[in-house]
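User: I would like to learn how to read buried cores and helix faces in a model. Can we work through one together?

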Amino acid sequence: MLIDAHCHLDFPDFDADREAVIARARAAGVQHFVVPGTTRVRWSGVLALGERDAISPCLGLHPYFMDAHCDADIDALARSLDDNPQVVAVGECGIDARFPETLEAQWRLFDAQLRLARAHGLPAVVHCVQANDKVAKRLRQLALPAGGLIHAFAGSPEQARRFLDLGFVLGLGGAVTFDRARRLHRAVQSLPDDGFVLETDSPDMPLAGHQGQRNEPARVAEVCRAVAALRHQAVEEVAASADATTRRLFRLA
């Protein structure tokens, strides 16, 4: 019943043992994988993975890789969305305020991708680092009927509610497993059952106890257990809720 709602299985970190990684995830109960795009050059790999059963592709331009993007990429993204109906979302797109030197360009790119998501009736997969309030404001201005996912949410209960009110759900990943993440823990406890999905962001965002290691989708089971403990719910209940929410958001069969 588990779905990893955000994992970068196309990344070269998995080139040597991708099949084994997928097999370990399946052994841990992970039945589906959502793989976001990050740069134009990587879209072909994401789409190739999406040809496999139980892997759903997204296409987008990630704010971390601004040096890899150019103006023509937005037109290319529009064409790719038209040509690939199996794509379930636009993303990973968004804002990373750790890089102020590219923020203006990030906002232009983010706006363009949100408009594409709206035009294609797709949800957006949003990367939002140190910018929750500003991103929520922009999402309110550029309303997306299909909503989307706030990937790797790490904000407050109040910020969580703003995103939920805009039709977005929150991605819960490795950050919830750290004892020091008290504000995030309060947010997790405040969420409705249909307000979150489970994710790993593999190969990044290692869980507590796995720092310095490559992350992988099998560990979404550990994320599920951590969320269940925080919410005082059964693991099976959290898994079922997250499964249903992920399937609804991305329109998975």
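**Reading the core and two helices**

Analyst: Start with α8, in this predicted model. Its buried residues pack against β1 (2-4), β2, β7 (168-172), α7 (182-190), β8 (196-198) and α9 (235-250).

User: How many residues of α8 are buried?

Analyst: Nine of the twelve, so α8 is mostly covered. Among them are Val220, Cys224, Val227 and Arg231. His232 follows the helix with a positive phi, near 55 degrees.

User: What span should α8 have at 1.5 Å a residue?

Analyst: Its twelve residues should span 16 Å. The end C-alpha atoms lie 16 Å apart, which agrees.

User: Where does α8 fit in the largest nonpolar core?

Analyst: In soluble globular proteins, nonpolar side chains tend to be buried together. Here the largest nonpolar core has 72 residues, and Leu9, Val135 and Leu198 touch the most other members. Helix α8 (residues 220-231) gives the largest share, eight residues. A separate core holds 13 residues, including Val88 and Leu149.

User: Which residues does Leu9 contact, beyond its neighbours within four places in sequence?

Analyst: Its partners include Phe14, Phe33, Leu49 and Pro217. Arg18, Val21 and Ile22 are also in contact with Leu9.

User: Which residues of α1 are buried?

Analyst: An α-helix has 3.6 residues a turn, so residues three or four places apart point the same way. In α1 (residues 18-27), the buried ones are Arg18, Val21, Ile22 and Ala25. They share one side of α1, because their arc around the axis is only 95 degrees. Their cover includes β2 (30-35), α2 (43-50) and β3 (55-57). Just after α1, Gly29 has a positive phi of about 100 degrees.

Technical notes. Residues numbered from 1 in each chain as written. Predicted model: local features only at pLDDT ≥ 70, side-chain atom pairs only at ≥ 80, totals over all residues. Heavy atoms only, no water. Core = buried A, V, L, I, M, F, W, Y, C linked by side-chain atoms within 4.5 Å. Buried < 20%, exposed > 50% of the residue type's maximum accessible area, 1.4 Å probe, protein only. Helix = DSSP H or I, 4+ residues; strand = E, 2+ residues; numbered from the N terminus. Contact = heavy atoms within 4.5 Å. Arc of directions from axis to C-beta. Expected span 1.5 Å × (residues − 1).
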